[in-house]
Amino acid sequence: MQFKLVSKFNPTGDQPQAIEKLVAGIESGVKHQVLLGVTGSGKTFTMANVIEKTQRPTLVISPNKTLAAQLYQEFREFFPRNGVHYFVSYYDYYQPEAYIPQSDTYIEKDAKINDTLDRLRHEAVQDVLSRKDAIVVASVSCIYNIGSPEDYQNIALDIKAGQTIERKNFLGHLTSLQYQRNDIEFKPGTFRIRGEIMEVFTVTGKELVRIEITADRVETLAVSRDTTNPTWEARETYRFFPAKFWVTPQDKLNIVMENIRLELQERLQVLRAQNKLVEAQRLEQRTNYDLELIQESGYCHGIENYSRHMEFRSAGDPPHTLLEYFGKEFLVIVDESHLTLPQIRAMAAQDRARKAALIEHGFRLPSAVDNRPLTFQETFASIPQSIYVSATPSEFELAKSKNNIVEQLLRPTGLLEPAIEIRPTANQIQDAIEEIEKRKAKNQRVLVLTLTKRLAEDIADYLAQRGVAVQWLHSEVKTLERPGILEDFRKGKYDVIVGINLLREGLDLPEVALVAILDADKEGFLRNETTLIQTMGRAARHPEGMAILYADTITFSMKNAITEIERRKRIQQEYNEKHHITPQPIVKDIRTWGFADAKEITAAEFGPIQDVKLLEKEMKEAAKNLDFERAAQIRDLIKKLRRATLSSYANYEVSKKGSPTEHKKKSPKSQKKSGL
């Protein structure tokens, strides 16, 4: 359980002194440090070296999911033998519950949960609780409430080979952990029963667990890491963690429900005293309905709004977040801190403002306000030591770190900052197309930055009509699709990506030779000094890197950004001349998106052929019991299994015998002989 960095590179340039200073600061107990590193200087490699030398569990907080995914991939390569995880919001789509008094409009919570991201969150939490060599790369969602780590561990079910336990008690405990029985569609967070044998698909989607209980005794306990074609390995013990967060131990549930009822009665008295009878009726009806669901199943839609009672917190107490799961001694790296910290600062206030209207008009109990993210002050009270990483740190980080600011301004490759040109906004699209054609002829890539999502899509459509291979990228692109788009971009499927603010901080795209910033003189968040430096830095990984700023006036932000870029360029030039370095292009492998299981994992769909025999038996049993709907479902699943098996066999035969054409020519007789 030691961090072991694996890399063919050694620290060079000013990386060694940066690593040494940061490690010394951590070991001497310094609470805040800044790593001011320019684009392409190897900040991630420096961070990896710091983690290895300090041997601290580490939380890396990133400003968006795309950059978090890139960092996750890089850290996985640096630490292949350690636990590296990805923890971001698990929603593909999320519309929070809200009420607009002006129009008397209630907006119900609407969300689409991405099962893969949910599994990755559970996997991260479980590793953090069970091992010290854990790195979690997270978005700012890591400061949201996810329930008590104490309850998450205490409610876990430990099972041992040879243990005495009644079958119904085991299944009851498994159900209380929010695992669901599903003999038809076997997927993460479910279990199925085959006679004396029970199989559980863990919520992380990484393991299958087989338990055989005979005469109230665990006869066999086995685990398979292969969830499609299980190969069972005997185990002495196994721990089942909850399939959902906010699972309350059964012995505490009655107390929780009573506390919710008491709060409900107090709130109803207040509303009725204010003559808000409609609001009182609404609140009473909704809360009682939720209580009935919790009583019956231990869960309800929106259960997180009762988290204060479930965790026995007092009003105003900070929620339990991922930071608390790390324990007391860990390291937090705030990547692109100039963006990440303002997000953290704003989240709690925005959440409270939305919930205030819901509480006032009877949609939620007052305790719902305590299901929230940490405040800015609470976040830093939870962090023992932190490193702020940015090419453009803000005044806050610099003031916090004072004399603990480490600069990393040299690129090991010798690459310089990009050349900068300012061009008028008149006909800026046509001019950009001409520049795109020049880069396209050299097999180079281009980023185009706009001000709005609609404009990004419109420009992408226009470029496509002009024969340019283009793709737009902004926040409405699903989380798990973004890295795939960037991977295709690097491979050359797209020559241009048009975006807004996802194409700035930290994206590692060595093929990008041109960054075109449209309307660069529109002073504001998307065109301030920090944003311009970060955006132009995307072209700093290419020897012919260039940034074109389309502007009719030179704003204060543009002037400062260009001055800083030129200063950094001089430092690199002096270093290159002193050490006789010729700038070299960055050669970086194109990483395949790390989530091979990004598609829904379903072991039953792709399981071994022996499952068909078991299912046929169950189908006949269901038909015998006149449960024809279930029998039809099983029949359809059997067809899927057979198709999958035939397809796998056909692919194997093609690879073994020759081309698909040759395989098609096989006679029915020869196919029969081959075992089908």
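Me: What makes two residues count as touching in this predicted model?
Reply: Contact means heavy atoms within 4.5 Å. In this predicted model, Asn82 touches Gln2, Phe3, Lys4, Arg131 and Asp133, residues up to four places away in sequence not being counted.

Me: Where does Asn82 lie, and why is Asn82 called buried?
Reply: Asn82 belongs to the loop between helix 3 and strand 3 (83-87). Its relative accessible area is 10%, and buried means under 20%; therefore Asn82 is buried.

Me: How many residues does the protein chain have, and what percentage of them count as buried?
Reply: The protein chain has 676 residues, of which 53% count as buried. The chain holds 23 helices and 25 strands. Of its contacts with a separation of 6 or more, 75% are between residues 24 or more positions apart.

Me: Why is helix 2 called oblique to helix 3?
Reply: The axes of helix 2 (residues 43-54) and helix 3 (residues 65-78) cross at roughly 50 degrees and come within 11 Å. Angles under 35 degrees count as roughly parallel and 65 to 115 as roughly perpendicular; a crossing at roughly 50 degrees fits neither range, so helix 2 is oblique to helix 3. The crossing of the two helices is right-handed.

Me: Which residues of helix 2 and helix 3 meet, and what is the character of the contact?
Reply: On helix 2, Thr44, Phe45, Met47, Ala48 and Ile51 take part; on helix 3, they meet Leu71, Glu74, Phe75 and Phe78. Seven residues of this contact are nonpolar, one is polar and one is charged. Glu74 is the charged residue, because Glu counts as charged.

Me: What makes strand 20 and strand 22 edge strands?
Reply: The open sheet has six strands in the order 20-25-24-21-23-22, with parallel pairing. Strand 20 (419-423) and strand 22 (470-473) each pair on one side only, and these are the edge strands. From one strand to the next, the twist averages 20 degrees.

Me: How do you know that strand 24 and strand 25 pair?
Reply: Pairing requires at least two bridges. Strand 24 (residues 512-517) and strand 25 (residues 546-550) have four bridges, so they pair, in the parallel sense. Val515 stands opposite Ala547 in strand 25.

Me: Which strands does helix 18 touch?
Reply: Helix 18 (residues 556-579) packs on the sheet and touches strand 20 and strand 25. The direction of helix 18 makes about 160 degrees with that of strand 20. Angles over 145 degrees count as roughly antiparallel, so helix 18 is roughly antiparallel to strand 20.

Technical notes. Residues are numbered from 1 along each chain as its sequence is written. This is a predicted model: local features need pLDDT of at least 70, side-chain atom pairs count only at pLDDT 80 or more; totals for chains, interfaces and linings use all residues. Side-chain values use heavy atoms; hydrogens and water are left out. Axes are lines fitted to C-alpha atoms, for helices over the stretch in contact, and angles run from 0 to 180 degrees between N-to-C directions. A crossing is left-handed if the near helix is turned anticlockwise from the far one by less than a right angle, and right-handed if clockwise. Buried means under 20% relative accessible area, exposed over 50%, partly exposed in between (1.4 Å probe, protein chains only).
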